[in-house]
Every structure is written in C-alpha cells, then in structure tokens.
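Biologist: Please take one helix and walk me through it closely. Which of its residues are buried, and which are exposed?

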Amino acid sequence: MAEQVLTDFIRALRSADVRVSTGEAIDAANAVKLMGYADRTRLSDTLRCVLAKSPAEKATHDRLFDLYFSRKAPETPSPETDDSSEDGDEGGSDMLDLIESGDETQIAMALEQAGEEAGIAEIRFSTQVPYFAQQMMKAMGVERLEGQMMDAFREKTDEGDERAQELIDGRAEMFQRTRDHAQRAFETFGAGATEQFRDEFLSDKRITQLDRRDLDRMRSLVEKMAKRLAVKHSRRRRKKNRGQLDVRKTLRANAGYDGVPFDLAWKQKKRDRPKIIAICDVSGSVAQVVRFFLMLLYSLHDTVPDLRAFAFSGRLEDVGDILETEDFTAAMDRIINQIGMRSTDYGQSLSDLKVDHWQAIDRRATVIILGDGRSNYGDPRVDLLSEMTARAKRTLWLSPEPESMWGSGDSELLRYQAYCDKMVHVMTIKDLERVVDEVLASYN
Amino acid sequence: MSASDNKNGYEPITSIDAITDGLGSVGYISTREISTAVYLAHNLRKPILIEGPAGVGKTDLAASMARWLDAPLTRLQCYEGLDEGKALYEWKYGKQLLYTQLLKEKLGEVMEGASTLEASFDKLTSFEDLFFSESFLEPRPLLTAMKQSTGSVLLIDEIDKSDEEFEAFLLEVLSDYQVTVPEIGTIRADVPPLVLLTSNNIRELGDALKRRCLHLHIDFPDATREREIVRARVPNVSDDLLKQLVAFVQGLREMDIRKRPSISETVDWARTLILMHANELDEAMVRSTLNVLLKHESDIASVDREILPLARKAAAETNTERLATGYPAAE
C-alpha cells in the first residue's frame with residue numbers, strides 16, 4: 001500500500017513535467033523505506049532531495065507534495081464510512097460532469113468560452129497548439145479537477161482509486177478536446193485558406209515574424225543549439241591534439257631519463273582560440289534577428305570566451321558588458337530601445353568603431369556584421385570596411401534581406417560585399433547556427 | 001541500519017540529528033535539508049550534487065564532513081580540459097625506467113637457463129606484468145578515493161567547469177564506485193566514499209549525471225542561520241553587532257547588484273569590524289569597510305545611497321529586540 005502512495009505521487013510529479021526516471025523512482029522507494037512515512041517534513045525533505053533536481057523542480061515538488069499529502073493524514077481512511085461516494089458527488093467538477101453528460105452542444109459552448117478566455121484568436125503557429133490547449137484547460141478549472149484527483153488518491157480505497165482513474169481519464173479526454181479545438185483555431189486564425197496557409201507556414205520560422213510570446217521557447221531552442229555546437233567543436237579540438245611526434249621536444253623532455261623517450265611530446269598545430277566580434281545593426285526589423293544572433297553567441301560562452309558585441313544605428317556602442325552581466329532579455333530590450341532609435345548611419349558607426357575599438361580587431365578575430373546595409377544614403381565608408389577586412393581573420397556579413405534586395409534603394413550591400421569574405425542571407429535561426437558553426441570550424 | 005553499515009571504516013551515521021550535531025561540532029552550521037541529504041547519501045550510497053550561489057558553504061560541507069568523520073578528504077578540482085590522466089591515474093614513467101636500469105645488470109642472471117629465444121621471451125613477459133602493476137601506478141584523486149580502505153569523503157569541486165566528456169567519464173565512477181585501468185583491471189572501492197559534487201551552474205549539467213545523484217540546493221542562509229555561522233567562526237563578536245551586521249548583509253542581498261555578498265564575506269566583515277573596535281554599525285564605518293563585502297566597483301557605487309537606510313534598519317533590529325526583552329521572541 002505504501003508503495004502505491006509513492007508511485008501515485010511520482011505519477012503526479014511526472015504529469016507536472018518533473019522528469020523522474022525509473023532509477024530515481026527506485027531510489028525514492030529505498031529512501032522512503034529508510035525514512036518512513038511518519039514524519040511529513042522529513043518525507044518531503046527526502047523526496048525533494050531524491051526526485052527534484054533543479055530549483056524549478058523543487059518548487060513543483062513542494063506544491064504537489066502539499067497537495068498530495070495534505071491536511072488529512074494518509075492513514076485515516078476508515079472502511080465503514082461511505083463518504084467516498086459522497087465525496088465524489090459533492091465535489092463533482094463541471095468539467096467532468098460535462099464529459100459525462102455527453103451533451104455535445106454544452107461541451108462545445110464550454111470549449112468556446114474557455115477558448116475566448118485563453119485568447120485563442122491570437123494563435124499563429126501550429127507549435128502554439130499545446131500552449132493554448134493548456135490555457136483552455138486552466139480556464140475550465142483543471143486545477144480543481146487535479147485537486148480532486150489527489151483527494152481520490154488519498155482515500156486509498158478501491159472506490160477512491162477508481163474515482164481517481166475516472167478523473168484522469170476525464171482529464172485526458174478533455175485535453176484531447178481542447179487540443180482539437182486549439183488545432184481548429186490555429187487552422188482558422190493562424191493559417192487560413194490554402195495559399196495563405198502556405199505563405200504563413202513558410203514564414204513560421206522566419207525570425208522577423210516571431211512573437212514575443214515565443215521568446216522563452218526560442219531561448220531554450222537556441223541554448224540547445226549552442227550546446228550542440230559546443231560539443232561538436234570541443235571534440236574536434238581534442239582530436240587535433242594527436243599530431244605527429246615532436247622529436248626535439250621529446251628528447252629535451254627525456255634528457256633526465258637518459259634519452260629514453262618515456263614522456264612523449266606531440267607536435268601541435270598552433271590553434272587560435274575563437275574570437276568573434278559581432279557588430280549589429282539594431283534598428284527596425286534587423287533588431288529581431290540581432291536578438292537571436294547575440295543570444296546564440298552568448299550561449300556559446302564556454303566555446304567562445306573572446307566575444308565582443310557592438311550595437312549601432314546612428315552611433316556605435318560596446319554592449320558586451322550589459323549583455324554579460326544583466327538578464328539577457330531585459331538587456332536586449334534596453335539595447336534595442338536605446339541604441340536602435342537613431343537613424344541608421346553605417347559610415348558613422350564604422351568610424352566610431354575605428355576610433356574607439358579598432359584594437360579589438362586583430363588577426364585572430366572573425367568579424368560578423370549583421371545588418372541590412374540601409375544607410376539612408378549617407379557615406380558608407382567602404383574604405384573603413386576594407387581596412388577592417390585587412391586586419392581581421394575573416395569578415396562575414398549577414399543580411400536579413402534576401403539577395404534580390406541587395407543594392408536596391410539605399411542599400412549599400414553590394415558595395416560592401418566586395419570587401420567581405422562572405423555575405424549571406426539569414427532568415428531563420430537555423431541559418432544563424434550554420435554561420436556560427438562555420439566560423440568555429442575555421443578555428444580548427 | 002543494515003549490515004552493510006558495518007563495512008564502513010568510520011562510525012555509522014544513525015540519525016539526521018546526529019549529522020546536524022556532528023557537523024556543528026566541527027563548526028559547520030547545518031540545516032534540516034543539508035543533514036537529510038547527507039543522511040540519504042550515506043545510507044543509499046549515492047553521490048550528492050550540491051548547487052547554489054558561490055560562497056554558501058558547498059565546498060566547506062565536504063571538508064566538514066571529513067573532519068567530523070575523521071575520514072580522509074580527497075578533492076578533485078575541475079577545470080576546462082581536465083582529463084582522465086589528471087583525475088584517475090598515470091604511470092610512473094621515471095620509476096619504471098629506474099627499475100629497468102637496475103634490472104639490466106641482473107638480466108644475465110635472469111636469462112640464465114633460457115636456451116631458446118622463446119623461453120627468454122616468456123621470462124621477459126613476466127616482467128612486463130610487473131612493470132604495469134599497482135606499484136608503478138600514480139593514483140590521482142579518483143583512484144585515491146577508491147583505494148581508501150576505511151572510507152573517505154570525495155569532493156568533486158565545480159563539476160560545471162569540466163567538459164561534458166569528463167562528466168560522462170565520471171558516470172562509471174559514481175554509479176559503481178569502481179574505476180578501470182586497462183593494464184590491471186577494475187579497482188573497486190571496499191568502502192564506497194561519500195561523494196559530493198558541487199556546481200555553480202556555469203553550465204547546465206547532463207541529465208545522466210543528475211539522475212545518479214541526490215540533489216541539494218543550498219541558498220543564502222536566513223538571518224538566524226547566518227548569525228549562528230558567524231558566531232561559530234567569529235566567537236568574540238558581540239550580540240548587538242552580530243545582529244546588526246547580519247541584518248545589513250541580508251538587506252544588501254536583496255538589492256540589485258552584480259555579486260551578492262556570500263557567507264564567507266559576512267564572516268570577513270565581522271572580523272574587520274571587530275578589528276576596528278566597532279560595537280555598532282554606523283554609516284561611516286560601513287562605508288569605509290564596504291569593500292570587504294562588495295567586490296565590484298559598480299556595486300559599491302550603486303549601493304552607496306542605500307547605506308544609511310540599511311544601516312538604520314539594521315540598528316533598529318537590536319533596538320526593538322531590546323524593547324521586546326521579557327517577551328517571547330516573535331521570530
């Protein structure tokens with residue numbers, strides 16, 4: 001019986017996105033066997049130590065633990081009373097009643113209302129479907145239902161267990177329905193008719209069209225990307241270390257051993273540590289791309305310790321300090337608001353760079369400029385770019401505009417292109433990953 | 001508890017309170033959470049992963065455990081590029097060479113009687129095994145900890161600074177308490193060491209590692225515990241000053257600064273204030289010693305204006321307590 005309590009609790013944890021592996025479940029069982037159920041604080045301490053592995057998970061654990069092992073002690077169910085059935089009646093949630101009633105019109109109405117509360121008309125991408133489904137569930141009182149689920153578990157009677165299973169099934173059924181509803185909403189609001197749908201779908205992943213709402217998820221995506229890049233490039237570094245035997249060094253190192261080569265020294269290619277200088281136009285539509293580009297670079301901190309970031313529109317400023325020390329999102333917002341407000345002037349910004357930060361650019365550095373090259377017909381100072389290219393290891397230009405737009409209107413990209421090692425169009429964060437990957441590879 | 005406890009070289013730990021008391025006896029003020037984690041780690045034979053901001057006593061916990069249990073402490077400091085050779089073992093090349101030289105003269109005697117090439121080869125082979133035996137092995141921290149026959153405390157410090165490859169390599173050590181040396185075989189710990197890993201969250205650790213560890217998050221202490229800690233480290237601090245300085249530091253931690261003062265900095269500050277014969281906090285005193293607590297010029301500048309209100313609040317702490325004496329403490 002005691003084990004059942006624990007498995008149910010782990011089930012509840014898993015449903016709340018705390019990842020509990022089988023191994024950890026066994027650990028928990030052993031730990032509880034050691035500690036016993038009698039002392040609740042001790043039990044809570046034990047389980048949060050064994051099962052919750054981050055501050056966020058610990059918070060979830062504490063919430064669920066209170067919910068699950070709440071006021072009523074778990075060993076109170078008295079078999080003679082029939083309050084289990086009473087409980088079921090009085091606490092019947094509207095959500096479950098709805099499902100059980102099978103009244104399709106009522107259900108549809110409830111779904112509509114929940115959808116409205118969740119602001120489902122805002123849905124734009126298919127990836128938002130689960131999010132909106134979750135919001136709708138919340139609007140329909142899923143938390144109360146979960147509370148009842150816990151209550152039912154706690155009864156530890158067959159009826160209670162049955163009731164709990166019913167509630168779980170009901171929740172699952174409701175979740176399916178809200179999902180369907182959200183999916184339909186996506187098709188209506190987000191996608192529209194076929195032609196439009198295709199356009200929208202393509203732009204789904206276009207950075208400039210991403211919503212603030214997606215920022216968190218994008219962030220974790222970018223971090224994963226950074227991790228992948230870091231692993232890839234640190235491995236390569238190690239492999240390169242096994243070079244040819246360095247005879248001179250080996251003999252010198254082993255002179256003490258009578259010249260018998262015990263400590264071997266290998267020839268090593270002298271390899272520079274990656275150094276990236278990011279120069280970003282933070283005006284208008286480019287700003288959004290810059291946000292993700294810098295996010296990616298700053299997530300790569302371990303791999304690229306030498307990272308400088310400059311932002312400009314009218315004038316250029318060093319933004320490395322702000323980004324490194326403050327919360328990234330807030331820092332980025334501030335940069336865009338403060339620096340991005342002036343009218344764009346590439347020539348002035350390049351000359352600011354020359355005056356204040358020219359020494360940062362050396363033969364180790366890869367300079368990456370992110371901008372649309374629209375300089376309001378000012379002098380583009382191509383001479384400065386050419387001078388910079390000569391100093392740096394490589395100069396890359398990323399443009400959020402497609403090639404067909406380069407050089408149109410006030411765009412100076414074609415003139416700049418002549419002095420860059422490479423100029424590419426970046427649209428999605430995948431493009432950004434590819435660029436950074438290539439830059440890191442060039443240091444191997 | 002179970003019979004396996006008897007295998008331990010050090011005294012078996014029987015209860016959570018015993019840990020709190022034991023750690024207290026060597027000057028480490030534990031909390032319920034910390035003691036529970038240690039108790040579990042000891043009884044379930046699991047490593048503890050300790051996370052939390054810098055300077056809250058993560059490393060010190062391991063040192064105190066070792067002191068209390070009177071067990072050797074093996075410390076492995078992680079850094080970028082740490083590899084097996086530095087963490088596990090290396091061959092003693094010099095010693096191997098020396099022995100070869102010495103044996104050279106004996107070679108004739110040894111080879112005596114071996115008439116064929118094959119026979120001498122066999123004889124030589126037996127020496128090869130000799131050279132790659134434990135006496136030529138230079139143990140590094142991990143192997144040292146495995147070989148302690150009476151149990152030990154193994155501290156793997158700042159695991160987040162090591163590479164992901166090293167993290168993967170640690171998995172074998174942490175789950176089975178054994179290490180494999182190809183030439184010799186598997187070396188298993190008779191008494192599994194108590195393993196503590198610390199992390200400052202410079203990078204996110206892998207799930208596999210987290211799964212194998214108990215998890216303990218140590219945050220900055222509350223005022224009561226911080227007072228106990230400072231009292232334990234700086235016994236000659238007066239009650240009033242202690243209350244005030246802890247209240248001040250606690251207030252400072254709530255502000256928006258780059259590096260919040262850690263416990264060790266509170267302790268340093270307490271010592272500084274005593275050196276300056278302070279009995280109470282006052283603004284001038286705080287201002288002149290603030291660099292003990294805050295290590296960034298920008299932090300000191302941004303806090304400057306808040307010094308007076310914070311110091312006043314801290315001073316009020318003792319005044320109200322003084323008024324309230326005779327009543328049960330509200331805390």
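Modeller: B:Asp17 and B:Ser25 are exposed, on the other side of helix α1 of chain B from its buried residues. This comes from a predicted model. The helix covers residues 16-25, and its buried residues are B:Ile16, B:Ile19, B:Thr20, B:Gly22 and B:Leu23. Look down the axis of α1(B): these buried residues fall within an arc of 170 degrees, so they line one face of the helix. The general rule helps here. An α-helix has 3.6 residues a turn, so residues three or four places apart point the same way.

What covers the buried residues of α1(B)? The cover includes α2 (32-44) and α3 (58-69) of chain B. Just after α1(B) comes B:Gly27, with a positive phi of about 90 degrees.

Now follow α2(B), since it has a second role. Chain B touches chain A, and the contact takes 21 residues from chain B and 24 residues from chain A. On the chain B side, the elements that give two or more residues are α2, α5 (93-111), α9 (207-212) and β9 (214-217). Of these, α2(B) gives the most, with 7 residues. By type, the chain B side divides into 7 nonpolar, 5 polar and 9 charged residues.

Step back to the whole chain. Chain B has 15 helices and 9 strands. It holds 331 residues, and 33% of them count as buried. Take the contacts in chain B between residues at least 6 apart in sequence: 79% of them join residues at least 24 apart.

How values were computed: Residues are numbered from 1 along each chain as its sequence is written. Chains are lettered from A and ligands numbered from 1 in the order in which they are written. This is a predicted model: local features need pLDDT of at least 70, side-chain atom pairs count only at pLDDT 80 or more; totals for chains, interfaces and linings use all residues. A residue is buried if 20 or more other C-beta atoms lie within 10 Å of its own, exposed if 12 or fewer, and partly exposed in between; C-beta atoms are placed from the backbone. Helices (H or I, at least four residues) and strands (E, at least two) are DSSP runs, numbered from the N terminus. The arc is that of the directions from the helix axis to the C-beta atoms. Two residues are in contact if their C-beta atoms, placed from the backbone, lie within 7 Å. Ala, Val, Leu, Ile, Met, Phe, Trp, Tyr, Cys and Pro count as nonpolar, Asp, Glu, Lys and Arg as charged, and the others, Gly among them, as polar.
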